[in-house]
Amino acid sequence: MISVSNVTMRYGSKLLFEDVSVTFTSGRRYGLTGPNGAGKSTFMKCLTGEIDPQKGNVVRPKKIGVLKQDQYAYDAYRVIDTVIMGNAALWAALEEREVIYAKPEMTDEDGSRLGELEGIVGDEDGYEAEANAAVLLQGLDIPDELHERKMSELQGGQKVRVLLAQALFGNPQALLLDEPTNYLDLDSIHWLEDFLNRYNGTVITISHDRHFLNNVCTHTADIDYETIIVYTGGYDDMVLQKTQVRARIESQNEQREKKIAQLNDFIARFSAGTRSSQVNSRKKEVERLQTTELARSNIQRPYIRFEQVRPSGKHVLEFESIHRSYTQKDGKVEHVIRNFSSAVQRGEKVVLIGRNGQGKTTLLKALLANAPNLEESDATAIDSGTVKWGHEVSIGYFAQDHTSSIPKGTTAAEWLHTFDPKATKEDIRGILGQMLFRGEEGMKKTEALSGGEAARLLFCKIMLMKPNVLVLDEPTNHLDLESINALNQAIQKYEGTVFLVTHDEDLIDEAGTRIWHFEGGPTDFRITDHKGPYEEYQQQLAMAAK
């Protein structure tokens, strides 16, 4: 259980939340939600003890698991050791034990201390530590051959999964997870959902994955209106309850304001007359009826709408027998894409799903290698096969590593203007405003943009260019829930063709009309091409498994 009493936090002059008291009960799983800037990460740091609240106090259990955000902090350690470090008491005992064993001669004091350390190791399940850590790593798709490697040898997404295993290790009484699904593929997300749903302690998680929150959370702690309110249920349940509560208070205020206006009218008409007792009575009633002052919500909702200058031809893309391989450092050849052929028609929304590292991004880059009118692209040439784009195709591309797509040394508005020199300042300002760059924020230097701001600026560019084909590689990684929902709706309404890599299950389920499922590995690579929505594909897989 974690208990928060009368906690207040400010960021500069901005009040995030005030006099918050809330209890996070064991056995419950809480989603911590709220718009960007509301104070989710600040509140999480108060819960972990990383920072102290400016007012109030936090009581937490002795053993908590925290998802670390610094991917480079453990580069000098083995992967398996990094996971075991999640149990601080066990790791300290193991390290001290190693120091004693390394001595050429042990004193009686060393022997006594060694006995104490062995007791700690036993109490903390230290003799099964490597086996237990390996199970967590396997569930998060970190293969056995990487367990003995140094963290510095892993890719960024793999490091995040190791740090997630670290947070889960050692049976902590509470888990505090900030964006645990970032860089996880669908299979890893499903594994994490199952793990958390079986976990008996307290879970508090920040996530921008609506489907994950709905599947995992028994309660939602929402930071908004300068306070924290706990609702029963997942994210969708919270939105419904929050809307109903707000609407009820606003309705009550409206009725009170009407009543107050009537009373004030009576007071104004008869205050100088003989009905002083009735006037005083109504003044007291006005004081009693004072309306509840409503704090303003921090939620900002972007508006995304993808349009086309002109539609493409009916046949958007045809490719045949595409093959792409890589040569590893040890000389082994890894075949990422093997003889894949397909054709895509205008208006289809193709979602690429599968484990990380199975070739989804590689395929997109291969298809873009000879794409028409695509200025910036990190396209990858194919080893063999043919790719043919259709008539009048124009492409809007959102790269997975999109920060390199925006040059430094300019402002957001100036960079955007280069893609349509005829656009007026009002046009540019309007599109920036749609994506929450308000007022002078459009003059922000591009090198100062956060990950979320850079993503929103790229959507501004795509909306300005009005392409008839969208190629979106992990577009939700730096977006908040409101922006992801806006993107989901925009893709559904878009009349052009879409190629989308994402692990957001709601986006896959609601926006996709066709699935390319990447499966297998270097020796049995394959892509299943399902011409239908994700739900239908899942049903087929379930029937095939029976």
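Q: What is the accessible surface of the protein chain, and what share of it belongs to carbon and sulfur atoms?
A: The model is predicted. Its protein chain has an accessible surface of about 26,900 Å². The part of this surface that belongs to carbon and sulfur atoms is 46%.

Q: What percentage of the residues of the protein chain count as buried?
A: Burial here means under 20% relative accessible area. The protein chain has 546 residues. The share that counts as buried is 49%.

Q: How many helices and strands are there in the protein chain, and what does its C-alpha trace span along the principal axes?
A: The protein chain holds 17 helices and 18 strands. Along its principal axes, the C-alpha trace spans about 105 × 85 × 55 Å.

Q: Among contacts between residues at least 6 apart in sequence, what percentage join residues at least 24 apart?
A: A contact needs heavy atoms within 4.5 Å. Take the contacts in the protein chain between residues at least 6 apart in sequence. The share joining residues at least 24 apart is 67%.

Q: How far apart do the centres of the positive and negative side chains lie?
A: The protein chain carries 63 positive side chains and 80 negative ones. Each set has its own centre, and the two centres lie apart by 8 Å.

Q: Which are the edge strands of the open sheet formed by β11, β10 and β13?
A: The sheet has 3 strands in the order β11-β10-β13, with antiparallel pairing. An edge strand here pairs on one side only. That description fits β11 (333–345) and β13 (384–389).

Q: Which residue of β13 stands opposite L317?
A: Strand β10 covers residues 315–327 and pairs with β13 in the antiparallel sense, over 5 bridges. Opposite L317 stands a residue in β13, namely W389.

Q: Which helix packs on the sheet, and what angle does its direction make with that of β10?
A: The helix touches β10, β11 and β13. It is α11, residues 360–368. Its direction makes an angle with that of β10 of about 120°.

Q: Why does V498 count as buried?
A: V498 is found in strand β16, residues 497–501. The cut-off for buried is under 20% relative accessible area. V498 counts as buried because its relative accessibility is 1%.

Q: Which residues does V498 touch, not counting those up to four places away in sequence?
A: Sequence neighbours up to four places away are left out. The residues that V498 then touches are E348, K349, V350, L470 and I491.

Q: What distance separates the C-alpha atoms of V498 and D529?
A: Along the chain, V498 and D529 are 31 residues apart. In space, their C-alpha atoms are separated by 15 Å.

Key
Residues numbered from 1 in each chain as written. Predicted model: local features only at pLDDT ≥ 70, side-chain atom pairs only at ≥ 80, totals over all residues. Heavy atoms only, no water. Helix = DSSP H or I, 4+ residues; strand = E, 2+ residues; numbered from the N terminus. Buried < 20%, exposed > 50% of the residue type's maximum accessible area, 1.4 Å probe, protein only. Areas by Shrake-Rupley, 256 points an atom, 1.4 Å probe, with all protein chains shown as cover. Lys, Arg positive; Asp, Glu negative; His and termini not counted. Charge placed at Lys NZ, Arg CZ, Asp CG, Glu CD. Pairing = 2+ DSSP bridges. Axes fitted to C-alpha atoms, helices over the stretch in contact; angles between N-to-C directions.
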